[in-house]
Amino acid sequence: MAIALCRIDDRLIHGQVVVGWGQPLNIGFIVLVDDNVATCDWEQDLYRMGVPPEMDIIFNDVATAVRNHAAYVSDPRRGILVTPDIATMQRLAWALPGIREVNIGGIHHRAGRVQKLRYVFLAPEEEAQLRELVSAGLRITAQDVPAARAVPVSEVLADPSSGEKSA
């Protein structure tokens, strides 16, 4: 298995991904899947600056990532697949049954989202997307860095006023 981590992180590539996860997982490449970044040279150049020279970065839109996934899985190096949002990861998971585990690394505040964890804010439609992924059998946890506790998505989606866990 060359894809060691499938991560949702709206900051895409930054220190937590490259150093925090990349070093302990001995990562050789990152596949950044974002339909917008895949067509934007200056954004790609910006993300390349955050990756050490020994680590490859591949920019794909969803369709290309699906088409190239077998090559990533058979790569002798280990890799991280990162998407900016749940919807993009969901599109990949529906097309690639091999995606069984997803890490939520960071979904930050914006209008319409509610704070669930220090680094996870969700809108109602995003909560529904996570529940659909769980219903399909994916294991989803929130964990910003490897040393932190992996929080099961049932805890992330729990209504704090009910005292119950849901997913």
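Colleague: On which residue is the kink in H3 centred?
Modeller: In this predicted model, helix H3 covers residues 62–74, and its 13 residues should span 18 Å at 1.5 Å a residue, which agrees with the 19 Å between its end C-alpha atoms. The helix nevertheless carries a kink of about 55°. The residue on which this kink is centred is Asn68.

Colleague: Which helix do the buried residues of H3 pack against?
Modeller: The buried residues of H3 are Val62, Thr64, Ala65, His69 and Tyr72. They pack against four strands, namely S1 (3–9), S2 (27–33), S3 (56–60) and S4 (78–83), and also against one helix, spanning residues 86–95. That helix is H4.

Colleague: How do the ring planes of Phe29 and Tyr72 count: stacked, edge-to-face or tilted?
Modeller: The model has one aromatic pair. Its rings, those of Phe29 and Tyr72, have their centres 6.2 Å apart and their planes at 40°, an angle that is neither under 30 degrees, as stacking would need, nor over 60, as edge-to-face would need, so the pair is tilted.

Colleague: How many residues apart are Phe29 and Tyr72, and are they buried or exposed?
Modeller: The pair links distant parts of the chain, with Phe29 in strand S2 and Tyr72 in helix H3, 43 residues apart. As to accessibility, both Phe29 and Tyr72 are buried.

Colleague: Which residue caps the N-terminal end of H4?
Modeller: The cap is made by a side-chain oxygen that lies 3.4 Å from the backbone nitrogen of Ala87. The residue that supplies this oxygen is Asp85.

Colleague: Is Gln90 buried or exposed?
Modeller: Gln90 is found in helix H4, where, leaving aside neighbours within four places in sequence, Gln90 is in contact with Gln129, Glu132 and Leu133. Its relative accessibility is 9%, and since buried means under 20%, Gln90 counts as buried.

Colleague: Which residue forms a salt bridge with Asp35?
Modeller: Asp35 lies in the loop between S2 and helix H2 (41–48), and its partner lies in helix H4, 56 residues apart from Asp35. Asp35 is partly exposed, with a relative accessible area of 33%, and the partner, at 42%, also counts as partly exposed. The nitrogen and oxygen of the bridge are 3.0 Å apart, and the residue that meets Asp35 is Arg91.

Colleague: How far apart are the closest N and O atoms of Arg77 and Asp56?
Modeller: Arg77 lies in the loop between H3 and S4 and Asp56 in strand S3, so the pair ties together parts that are 21 residues apart in sequence. Arg77 is partly exposed at 32% relative accessible area, and Asp56 is partly exposed at 36%. The two residues form a salt bridge, and the closest N and O atoms are separated by 2.6 Å.

Colleague: Is Asp9 buried or exposed?
Modeller: The side chains of Asp9 and Arg11 meet in a salt bridge of 3.9 Å, N to O, and Arg11, at 37% relative accessibility, counts as partly exposed. Asp9 has a relative accessible area of 0%, which makes Asp9 buried.

Colleague: What is the separation of the C-alpha atoms of Leu117 and Phe29?
Modeller: Leu117 sits in strand S6, residues 114–117, and touches Ala142, Val151 and Val156 when residues up to four places away in sequence are not counted. Leu117 and Phe29 are 88 residues apart along the chain, and their C-alpha atoms are separated by 28 Å.

Notes
Residues are numbered from 1 along each chain as its sequence is written. This is a predicted model: local features need pLDDT of at least 70, side-chain atom pairs count only at pLDDT 80 or more; totals for chains, interfaces and linings use all residues. Side-chain values use heavy atoms; hydrogens and water are left out. Helices (H or I, at least four residues) and strands (E, at least two) are DSSP runs, numbered from the N terminus. The expected span of a helix is 1.5 Å times one less than its number of residues. The bend at a residue is the angle between axes fitted to the seven residues ending there and the seven starting there. Buried means under 20% relative accessible area, exposed over 50%, partly exposed in between (1.4 Å probe, protein chains only). Contact means heavy atoms within 4.5 Å. A polar contact is a pair of N or O atoms within 3.5 Å; within protein, one must be able to donate a hydrogen and the other to accept it, and residues adjacent in sequence count only if both atoms are side-chain atoms. Rings of Phe, Tyr and Trp (its six-membered ring) pair if their centres lie within 6.5 Å; planes under 30 degrees apart count as stacked, over 60 as edge-to-face and the rest as tilted. A salt bridge is a side-chain nitrogen of Lys or Arg within 4 Å of a carboxyl oxygen of Asp or Glu.
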